[in-house]
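User: I would like to learn how to read a model like this one, feature by feature. Could you walk me through it?

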Amino acid sequence: DRDQQTLLTQALEREEPRLTALADAAADRSDALASAEAALAAWHGRADTLTRAAGDATKAAEVERTRIDYLERQMHQAIKRREILDSETAMLASRGSADELSALRESLQVEEETVETLSAELDARKSAVASADQSLRNTQGQLNQQRQQLSSARGRLASLEALQHAALGEDRRELAAWLSRHGLQQAPRLG
């Protein structure tokens, strides 16, 4: 009994520095793992924010495109009305009806002002859509960058977990067999 106890004590003394080193390594890996998990959570938050921003920019661009389509239709209708008024003006001028000609000229002037207003508004909307498209491209670029960082963090997390398991000896049959032979498999472990 004493011989076995002496052997066990000597074996423990020989293995103690190694176990201490493994415990220190496991603690370092645990700290690195916690840091990687925190960074991963932060990247998830930024990725969610960028996804929402990209969705908002897409919706704004779609609204502006719809408005541009509407303004273009109105402008085309105004141009057609102007053409009709021009032809009626020419026809009336040949007939010599001064009152009708004056009314048509006034109507023509109103239509020309409407076309100018619509053209200016259309240009402003096109500029807003271009700005929204650029914002969307920027946001999508940031989102892709965040996704790459997230993928990298997941890889690092997996590596750190594997290192932690190795440091704790969870995959070492030799250590488990030794602990079992010496009745230490249920003893509390460092780390």
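**Reading the model step by step**

Analyst: Happy to. Let's begin with one residue: Glu112 has a relative accessible area of 28%, so it counts as partly exposed. Keep in mind throughout that this is a predicted model.

User: Which residue forms a salt bridge with Glu112?

Analyst: To read a salt bridge, look for the closest N and O atoms of the two side chains. Here Arg82 pairs with Glu112, and those atoms are 3.1 Å apart. Arg82 sits in helix α1 and Glu112 in helix α2, so the pair ties together parts that are 30 residues apart in sequence. Arg82 is partly exposed as well, at 34% relative accessible area. Asp86 joins in too: Arg82, Asp86 and Glu112 form a linked network of salt bridges.

User: How many salt bridges does the structure hold?

Analyst: There are eight salt bridges in the structure. Another one joins Glu121 to Arg67, with the closest N and O atoms 2.3 Å apart. Glu121 belongs to helix α2 and Arg67 to helix α1, so this pair ties together parts 54 residues apart in sequence. Both ends are partly exposed: Glu121 has a relative accessible area of 24%, and Arg67 has 27%.

User: And what separates Glu15 and Arg18 in helix α1?

Analyst: About one helical turn, because Glu15 and Arg18 are three residues apart in helix α1. Their salt bridge has its closest N and O atoms 3.3 Å apart. Glu15 is partly exposed at 23% relative accessibility, and Arg18 is partly exposed at 36%.

User: Let me step back to the whole chain. What does its secondary structure come to?

Analyst: Count the helices and strands, then read their order. This chain has three helices and zero strands, and from the N terminus the elements run α-α-α. The radius of gyration is 39 Å, well over the 16 Å that the globule rule gives for 191 residues, so the chain is more spread out than a compact globule. Along the principal axes, the C-alpha atoms fill a box of roughly 135 × 20 × 15 Å.

User: What share of the residues is buried?

Analyst: Buried residues account for 24% of the 191 in the chain. The accessible surface is about 13200 Å², and 51% of that belongs to carbon and sulfur atoms.

User: Which residues make up the largest nonpolar core?

Analyst: When you look for a core, pick out buried nonpolar residues whose side chains are joined. The largest one here has nine residues: Ala32, Leu33, Ala36, Leu40, Trp43, Leu150, Ala153, Leu157 and Leu160. The elements giving two or more residues to this core are α1 (2-95) and α2, and α1 gives the most, with five. Apart from this core lies another, of eight residues, including Met75, Ala78, Leu118 and Val129.

User: What does Leu157 touch, beyond its neighbours within four places in sequence?

Analyst: Leu157 is in contact with Leu33, Ala36, Glu37 and Leu40. For a second example, take Thr139 in helix α2. Thr139 touches Leu50, Ala53 and Ala54, leaving out residues up to four places away in sequence.

User: Is Thr139 buried or exposed?

Analyst: Thr139 is buried, because its relative accessible area is 9% and the cut-off for buried is under 20%. Compare the reading for Ala34 in helix α1, which is partly exposed at 43%.

User: How far apart in space are Ala34 and Leu160?

Analyst: Check the sequence separation alongside the distance. Ala34 and Leu160 are 126 residues apart in sequence and 9.7 Å apart in space, C-alpha to C-alpha. Leu163 and Ser30 give a similar kind of example: 133 residues apart in sequence, 9.5 Å in space, C-alpha to C-alpha. Across the chain, 80% of contacts between residues at least 6 apart in sequence join residues at least 24 apart.

User: Finally, which helix has the lowest mean pLDDT?

Analyst: Helix α3 (residues 173-181) has the lowest mean pLDDT among the elements, at 74, and α1 has the highest, at 84. The chain averages 82, with 90% of the residues scoring at least 70. Where pLDDT is low, the predicted coordinates should not be read in detail.

Note on methods:
Residues numbered from 1 in each chain as written. Heavy atoms only, no water. Helix = DSSP H or I, 4+ residues; strand = E, 2+ residues; numbered from the N terminus. Buried < 20%, exposed > 50% of the residue type's maximum accessible area, 1.4 Å probe, protein only. Contact = heavy atoms within 4.5 Å. Core = buried A, V, L, I, M, F, W, Y, C linked by side-chain atoms within 4.5 Å. pLDDT = per-residue confidence, 0-100. Rg over C-alpha atoms; globule rule 2.2 N^0.38 Å. Areas by Shrake-Rupley, 256 points an atom, 1.4 Å probe, with all protein chains shown as cover. Salt bridge = Lys/Arg side-chain N within 4 Å of Asp/Glu carboxyl O.
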